[in-house]
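Here's a quick tour of a structure, written for someone who likes to check side chains by eye. Have the viewer open and follow along.

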Amino acid sequence: MSPAVINEAPPSEKKLSLYEASTQCRNWRYSTERLAQIRATLNEAAVTIIRTKIETDEPGSSRNVSFLTPNEEVLLVKLYISKIGQLCGYFRFPEEVEATAITYMKRFYLQNTVMDWHPKNVMLTALFLATKTTNNPISLEQYTTHIPKTTPNDVLDLEFLIAQSLGFEFAVWHAHRALWGIWLDIQNLPDGAALASAEYDAALARVRASRLTDAELIYTPSQIALAAFSLVAPDSAARWITLKNLSESATLLAVLDEIKSMIAHQGLPPDVESVREVDRRLKLCKNPEKVVGSKAYLARKKEEERIAEEKRTKKAELQKAAVNDEQDPFGTNLAPKKGLVDYDDDDDDD
Amino acid sequence: MDAVEKANTERQRRWVKDKKVGEGTYAVVYQGREASTGRKVAIKKIKVGQFKDGLDMSAIREVKFLRELKHQNVIELLDVFSSKTNLNLVLEFLDSDLEMIIKDRALVFLPADIKSWMAMTFRGLEFCHRNHVLHRDLKPNNLLIASNGELKIADFGLARDFADPGYKMTCQVITRWYRPPELLFGSRYYSSAVDIWSVGCIFAELMLRIPYLPGESDMDQLKTIFRALGTPTEEEWPGHTKLPDYVPVGQFQKFPMRDLFTAASADTLNLLSKCMIYEPRKRISAREALTHPYFFALPNPTFPSKLPKCSTHFSARPLDEVDGNVQMNSTGPGVKARSLKRKLTSSDDGSEGRNRSIARRLDFSKHTPGS
């Protein structure tokens, strides 16, 4: 008998490929329309909330505020994505750190809006988190001392929020890895060895450009890698496609064209001037609750304090009751207590 | 409240903590349940606030890999949520671990039982390796046992993705008794073979019922290994004398396995010795191990639900082992405290726990205030 009998896995269940089983494939892939819809919804919800807040602060004052559009939000995020590369170069982080941080940024802004969280801070934290999740950790102190006007707390304050927004799904599959695989494959082709490594470098540059686009939220890493490769070496790419018996696939060819056009049209860092205008308007339409010192901010802090205080009091009372209980030398707790209260808990999270 | 915070609060409400079952330096473990179904779970609360570098690496590793790995023989991470500065991992609840079972002197293992545990271990490990994940801390108390007898690999706090060839990794991994010689010699480039060595040690331990290679220090570990398996020759393991921390530790003759594992079949010893080949590249892989004749020869592996079970469970453990000022050296369900030392006293663990719990309840002088 084979060891297959040990676990009674349903034999009919289709075995997923590694990629198909990944959280990336299951939770972080969208159609173009869905992406636009998510961003529009987030933007609209944020505008509604912030408008109300501004009105409570000072009635009538929201009339002249020009809120950001979803596209403007994307533009601003894109600018900071393009800065991740510079920082990574400075710290000499491996490519995986850079690519991962960029993915985190994009995913974060599918759950949040720049009007709540400015991409500059999010970028710094996303990058720091990526060093850890890719197993390239550096100390926070070392990290922040090299970044002007940044304290360790600036980075730590957002770490939890970012991890949460990512659904704690830290593993990312990258197109540059897929490109490396294709490159190794191609060198195995009969005349593949003749390819210059300059072609790989050029293709890698296209993969990097693709990081400024939405490609990774729509396509698979290998589709992006292949598109990048076929941009610089169409013949080799075609041979690789034949090798994999995919030359008949109309879907693949259509997808490749879409990605190529995406890289060509959106794969450039945004024009700083136009972003500056967006950033200037953002100062006026940010969520006041998140602006330190504003009335709304203070009100929110006060409310949080009140709730925390309430919890502390409740906990102290419970603790007191528990001590009284324990001090009885004929304590009734020989039998295990029911509905055990979490006295030892060092916080009050429930 | 932000959408993200709201989603977190909703997740948090899905789970109820019932009681504390373990505490380590960086985590507290609770037994809990799913509010809607009553399904038992283990909740591992990691205190994050205390780390100056934010979320700590073992928590990140554990979450990162368990989020991706779904397999019958790998512990399931059901949910993750945060509470203030704590990270809470909701894991499937598992009753005991292989260490408890090995130490339970009341249990008798049949060769078919050992085969079943080995098959489940190799299946889980093959899945990890297929997903390019090195576990790097396999040992009996990281192999947890569900109430239906299924074995699940747990604790991915030291796990990592395979590195690219030529990329350095740390050699300070794997609990000493289960650590392969290449790591003891300081190799910074290694492979899934390190996990296989650990599985070999566990395999032997299942037959011996005591740790196979219990070295007292890293140096002694090498000696212990060589005393059992003979000092490797250059032919057996080319290049090992060039490893960074290589030191000659003396010449030992190979001790015939047959003399130690007297009751083992030829297939059994063949698989065991293939797990413990010095040259890492020649060591058997998890995938090859699954097709080894050992698994196809009689006796057939025991069905999981028919496997020997521990008389004590985590949930039934007396509280004094885990709370207050007591040095924590028990493990929680689904998880364990870091840097735990294994107790070597194993004579009557099963009953010992219960006796102690009674003694404690009657001893008023030992109360710790506020515990």
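What follows is a set of notes on ring pairs, charges, a hairpin and an annotated site.

Keep in mind that this is a predicted model. Over all chains, it holds 20 aromatic pairs and 30 salt bridges. Several of the pairs picked out below join parts of a chain that sit well apart in sequence, such as Tyr104(A) with Phe170(A), 66 residues apart, and Arg211(A) with Glu98(A), 113 residues apart.

**Aromatic pairs**

- A pair of rings is described by how far apart the centres are and by the angle between the planes.
- Start in chain A with Tyr104(A) and Phe170(A): the ring centres are 6.5 Å apart and the planes meet at 55°, so this pair counts as tilted.
- Tyr104(A) comes from helix 5 (residues 95-108) of chain A, while Phe170(A) sits in the loop between helix 8 (152-165) and helix 9 (175-187) of chain A. Both Tyr104(A) and Phe170(A) are buried.
- Over in chain B, Phe185(B) and Tyr246(B) have ring centres 5.0 Å apart with planes at 55°, so they make a tilted pair.
- Phe185(B) is in the loop between helix 5 (181-184) and helix 6 (193-208) of chain B, and Tyr246(B) is in the loop between helix 7 (218-229) and helix 8 (257-260) of chain B, so the contact ties together parts 61 residues apart in sequence.
- How buried or exposed are these two? Phe185(B) is buried, at 0% relative accessibility, whereas Tyr246(B) is partly exposed, with a relative accessible area of 27%.
- Zoom out a little and ring pairs link Phe185(B), Trp197(B), Phe226(B), Trp237(B), Tyr246(B) and Tyr278(B) into a cluster.

**Lysines over rings**

- Lys17(B) lies over the face of Tyr30(B), at 4.9 Å from the ring centre.
- Lys115(B) puts its charged end over the ring of Tyr294(B), 4.9 Å from the centre.

**A hairpin in chain B**

- Strand 4 (residues 77-83) of chain B is mostly covered, with 7 of its 7 residues buried.
- Strand 4 of chain B pairs with strand 5 (residues 86-92) of chain B in the antiparallel sense, over 6 bridges. To find the register, look at Val80(B), whose bridge partner in strand 5 of chain B is Leu89(B).
- The hairpin has 2 residues between the strands, and Lys84(B) takes a positive phi near 50° there.

**The annotated site**

- An unreviewed UniProt entry lists a "binding site" in chain B, with residues including Val21(B), Gly22(B), Lys44(B) and Lys45(B).
- Val21(B) is placed in strand 1 (residues 15-23) of chain B and is buried, with a relative accessible area of 8%.
- Lys44(B) lies in strand 3 (residues 40-47) of chain B and counts as buried at 0% relative accessibility.
- Which side chain does the side chain of Lys44(B) make a polar contact with? The partner is Glu62(B), at 2.9 Å.

**Salt bridges**

- Side chains of opposite charge can pair when their charged atoms come close.
- Arg211(A) and Glu98(A) form a salt bridge, with the closest N and O atoms 3.8 Å apart. Arg211(A) is in the loop between helix 10 (197-210) and helix 11 (215-218) of chain A and Glu98(A) is in helix 5 of chain A, so the pair ties together parts 113 residues apart in sequence.
- Arg211(A) is buried at 7% relative accessibility, and Glu98(A) is buried at 17%.
- Lys244(A) forms a salt bridge with Asp185(A), with the closest N and O atoms 3.2 Å apart. Lys244(A) is in the loop between helix 13 (234-243) and helix 14 (250-266) of chain A and Asp185(A) is in helix 9 of chain A, so parts 59 residues apart in sequence are tied together.
- Lys244(A) is partly exposed at 38% relative accessible area, and Asp185(A) is partly exposed at 24%.
- Back at the hairpin, Glu92(B) and Lys152(B) meet in a salt bridge (3.6 Å, N to O). Glu92(B) is in strand 5 of chain B and Lys152(B) in strand 9 (residues 151-153) of chain B, 60 residues apart.
- Glu92(B) is buried at 11% relative accessibility, and Lys152(B) is buried at 7%.
- Salt bridges with shared partners also join Glu72(A), Glu277(A), Arg280(A) and Arg281(A) into one network.

Key: Residues are numbered from 1 along each chain as its sequence is written. Chains are lettered from A and ligands numbered from 1 in the order in which they are written. This is a predicted model: local features need pLDDT of at least 70, side-chain atom pairs count only at pLDDT 80 or more; totals for chains, interfaces and linings use all residues. Side-chain values use heavy atoms; hydrogens and water are left out. Rings of Phe, Tyr and Trp (its six-membered ring) pair if their centres lie within 6.5 Å; planes under 30 degrees apart count as stacked, over 60 as edge-to-face and the rest as tilted. Helices (H or I, at least four residues) and strands (E, at least two) are DSSP runs, numbered from the N terminus. Buried means under 20% relative accessible area, exposed over 50%, partly exposed in between (1.4 Å probe, protein chains only). A charge sits over a ring if NZ of Lys or CZ of Arg is within 6 Å of the ring centre and within 35 degrees of the ring normal. Two strands pair if DSSP finds at least two bridges between them. UniProt positions are given in the numbering used here, feature names are shortened, and annotations may be inferred rather than shown by experiment. A polar contact is a pair of N or O atoms within 3.5 Å; within protein, one must be able to donate a hydrogen and the other to accept it, and residues adjacent in sequence count only if both atoms are side-chain atoms. A salt bridge is a side-chain nitrogen of Lys or Arg within 4 Å of a carboxyl oxygen of Asp or Glu.
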